[in-house]
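Here are some short exercises to work through with the model open beside you. Try each task before reading its solution.

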Amino acid sequence: MIWLKAFHVIAMVTWFAGLFYLPRLFVYHADTADAPGLERFEIMERRLFALMTIGGAATIILGVLMIVAAPAYLKMGWLHVKLSLVTLLIAYHAYCYRLMRDFAERRNVRSSKWYRVFNEIPSLLLVGIVVLAVVKPF
Ligand code: HEM
């Protein structure tokens, strides 16, 4: 179990690296107008999205494997709330894909200011999820 947990946390770190950096790329992308710059951001975003999806999938698979190994987890209140926040995180991840598609099809309508605010959401979810997973307050 301890190995599953260790790789669960490692995978989570790689997932968050992408969740923090991809919206940051959107901030600069929204202020870019030149063709070479737009193409460069599209390539960077596409590659980063692929990597962060691998990190997200590994985090979830390893988390589920820990529950399979110890089903008693399912009775724990902290895990119920944690999984609700994880669901929001998955929705955020999926929305990043949609925004990335909007940029690639030159259909982005949002400002860099909007993306700066959007970029803060993963930090809030990270604090909530990690406190629940480590402190297990209920
Ligand atoms: C479907 C997704 C997930 C499931 C099913 C899941 C499930 C679990 C389980 C069962 C544990 C072991 C708890 C323990 O015995 O201490 C755990 C630990 C942990 N999880 Fe997750 N998790 C998921 C997603 C995440 C995400 C997205 C994060 C990060 C933001 C995260 C962060 C952690 C941390 C930091 C620990 C270690 C807690 C400790 O050692 O005390 N998990 N997770």
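**Exercise 1. Compare the reach of helix H2 with the span expected for its number of residues.**

Step 1: helix H2 covers residues 35-69, which is 35 residues. Helices here are DSSP runs of H or I with at least four residues, numbered from the N terminus, while strands are E runs of at least two.
Step 2: the expected span is 1.5 Å times one less than the number of residues, and for H2 that comes to 51 Å.
Step 3: from first C-alpha to last, H2 reaches 51 Å, close to the expected value.

A word on the source: this is a predicted model, where local features need pLDDT of at least 70, side-chain atom pairs count only at pLDDT 80 or more, and totals for chains, interfaces and linings use all residues. Residues are numbered from 1 along each chain as its sequence is written, and side-chain values use heavy atoms, with hydrogens and water left out.

**Exercise 2. Find the residue that caps the N-terminal end of H2.**

Step 1: look at aspartate 34, which is the cap.
Step 2: check the distance from its side-chain oxygen to the backbone nitrogen of glycine 37, which is 2.9 Å. Polar contacts are pairs of N or O atoms within 3.5 Å; within protein, one must be able to donate a hydrogen and the other to accept it, and residues adjacent in sequence count only if both atoms are side-chain atoms.

**Exercise 3. Describe the shell around the ligand.**

Step 1: count the neighbours, meaning residues with a heavy atom within 4 Å. There are 24, and the closest are His8, Met12, Tyr73, Lys82 and Lys136.
Step 2: list the polar partners. Tyrosine 73 has a side-chain N or O atom 2.3 Å from a ligand oxygen; for lysine 82, such an atom is 2.5 Å from a ligand nitrogen. Lysine 136 places a polar side-chain atom 2.8 Å from a ligand oxygen.
Step 3: trace the helices. H1 (2-30), H2, H3 (77-104) and H5 (121-135) each supply at least two shell residues.

**Exercise 4. Place the chain's elements in order and give its dimensions.**

Step 1: count five helices and zero strands.
Step 2: read from the N terminus, giving α-α-α-α-α.
Step 3: along the principal axes, the C-alpha atoms fill a box of roughly 55 × 25 × 20 Å.
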